[in-house]
Amino acid sequence: MRATWQKCFADSPDVLKDDRRRRTIVPVLDFEIGGDTFITMAGPCSVETESQLLSTAHHVRNCGARILRGGAFKPRSSPYAFQGHGLEGLKLLAKAREQTGLAIVTEVMSEDDVPLVAEYADILQIGSRSMENYTLIEHAARSGRPLMLKRGMVATIADLLRSAQIALDNGNPHVILCERGIRTFETATRNTFDVAAIALLKQVCHLPVIADPSHAAGYRELVPTLARIAVVAAADGLLVEVHPNPANAWSDGEQSLDFVAFDAMMTSLDPYIALRGISATDPASTLPLEAVG
Ligand code: PEP
Ligand code: MN
């Protein structure tokens, strides 16, 4: 590794690749993140209603997603915006898992909520606004659930790796990194998708890297293109917002794909995934019997 990077990431020695640790594979239910299969996490920004969540879960599953996303505890810019359904949202996520076999990723915002969220979720999401909350990361890491750490809006790659190191230091090796765009002077997109961060992380760090083109772009028209770029940049998977009716979404409708657009995006990824020499999830191979037809 370049001396520059060794110096830059000196605070996070255990997340860097070495001869012993080339990659970390994170087991989730009956599959793996960071292995030889590209993994898609998809679902609404927020858990809104039972029919919204369940219809989305069935659709994304039929398109090859393995993980359902959806916020039950929502970090919002405005204190008057929808803050999430909390426990009721977690219960709906669990119901969707039962019906579809999808794993669940959902955000935990406070250390007090870690035991509750860990009871329902398969992966705990640490949101961008919390990436430097070391107390939250410590508690979340000690739950034993895999963590997905979303890069802070103004966090450097070294900052992200420092947070990952905290999780490892607290006994949890199953850390997934997520590039979701950073703040720059650009205002035409919601954030600036830092594709170099994905490529760099995949070179220096053994942890799986997920790309979130939805929060990076802010506009649904850009999401499929950014998703394909993420595949080429060697991401291990995607986190994508999907909603049955984006125009009526309670949060992040502008960047949410509808079912038709998600289906088209997933199909469009296949040749890029094949070029990497890894596999896509074949939807037919993973459907539980009750979900077929
Ligand atoms: C999200 O994924 O629901 C979310 C709030 O994203 P971020 O923390 O990246 O803003
Ligand atoms: Mn969102």
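Let us begin with the packing around helix H7. In this predicted model, the buried residues of H7 pack against two kinds of element: the helices H1 (3-8), H6 and H9 (223-232), and the strands S8 (175-179) and S9 (209-211). Which residues of H7 are buried? Within this helix, which covers residues 195-204, they are Ala-197, Ile-198, Leu-200, Leu-201 and Val-204.

One of the partners just named, helix H6, runs over residues 157-169 and contains Asp-159. Is Asp-159 buried or exposed? Its relative accessibility is 16%, and a residue counts as buried under 20%, so Asp-159 belongs to the buried group. Leaving aside residues up to four places away in sequence, Asp-159 touches Met-131, Glu-132 and Val-154.

Just ahead of H6 in the chain is a loop that follows strand S7 (147-150), and Met-153 is found in this loop between S7 and H6. Met-153 is buried as well, because its relative accessibility is 14%. What does Met-153 touch, apart from residues up to four places away in sequence? The list reads Ser-128, Arg-129, Arg-180, Ile-182, Arg-183 and Asn-191. Met-153 may also be set beside Gly-253, which is 100 residues away along the chain; the C-alpha atoms of the two are separated by 20 Å.

I turn now to the metal site. Which residues coordinate the manganese ion, ligand 2? The donors are SG of Cys-45, NE2 of His-215, OE of Glu-241 and OD of Asp-252, at 2.0 to 2.4 Å. Written along the chain, their spacing is C-x169-H-x25-E-x10-D. Cys-45 and His-215 thus link distant parts of the chain, being 170 residues apart: Cys-45 is in the loop between strand S3 (39-43) and helix H2 (50-62), whereas His-215 is in helix H8, residues 213-217. Cys-45 has a relative accessible area of 4% and is therefore buried. His-215, with a relative accessible area of 9%, is buried too.

Asp-252, another of the manganese donors, deserves a separate remark. Asp-252 is found in the loop between S10 and helix H10 (259-275), and its relative accessible area of 21% makes this residue partly exposed. Its backbone is also of interest. Most residues other than glycine have a negative phi. Asp-252, although not a glycine, has a positive phi of about 55°.

Where else does a positive phi appear in a residue that is not a glycine? Ala-234 has one, of about 85°. Ala-234 is placed in the loop between H9 and strand S10 (237-241), and with a relative accessible area of 22% Ala-234 is partly exposed.

Finally, let us consider the whole chain. How many helices and strands does the protein chain have? There are 11 helices and 10 strands. The radius of gyration is 18 Å, close to the 19 Å that the globule rule gives for 293 residues, so the chain is as compact as a globular protein of that length. Along its principal axes, the C-alpha trace spans about 55 × 45 × 40 Å.

Of the 293 residues, 55% are buried. Among contacts with a separation of 6 or more, 71% are between residues 24 or more positions apart. The accessible surface comes to about 12200 Å², and carbon and sulfur atoms supply 52% of it. As for charge, the chain carries 28 positive and 35 negative charges, whose mean positions are 4 Å apart.

Terms used. Residues numbered from 1 in each chain as written. Chains lettered and ligands numbered in written order. Predicted model: local features only at pLDDT ≥ 70, side-chain atom pairs only at ≥ 80, totals over all residues. Heavy atoms only, no water. Helix = DSSP H or I, 4+ residues; strand = E, 2+ residues; numbered from the N terminus. Rg over C-alpha atoms; globule rule 2.2 N^0.38 Å. Buried < 20%, exposed > 50% of the residue type's maximum accessible area, 1.4 Å probe, protein only. Contact = heavy atoms within 4.5 Å. Areas by Shrake-Rupley, 256 points an atom, 1.4 Å probe, with all protein chains shown as cover. Lys, Arg positive; Asp, Glu negative; His and termini not counted. Charge placed at Lys NZ, Arg CZ, Asp CG, Glu CD. Donors = N, O, S within 2.8 Å, 3.2 Å for Na, K, Ca; no water.
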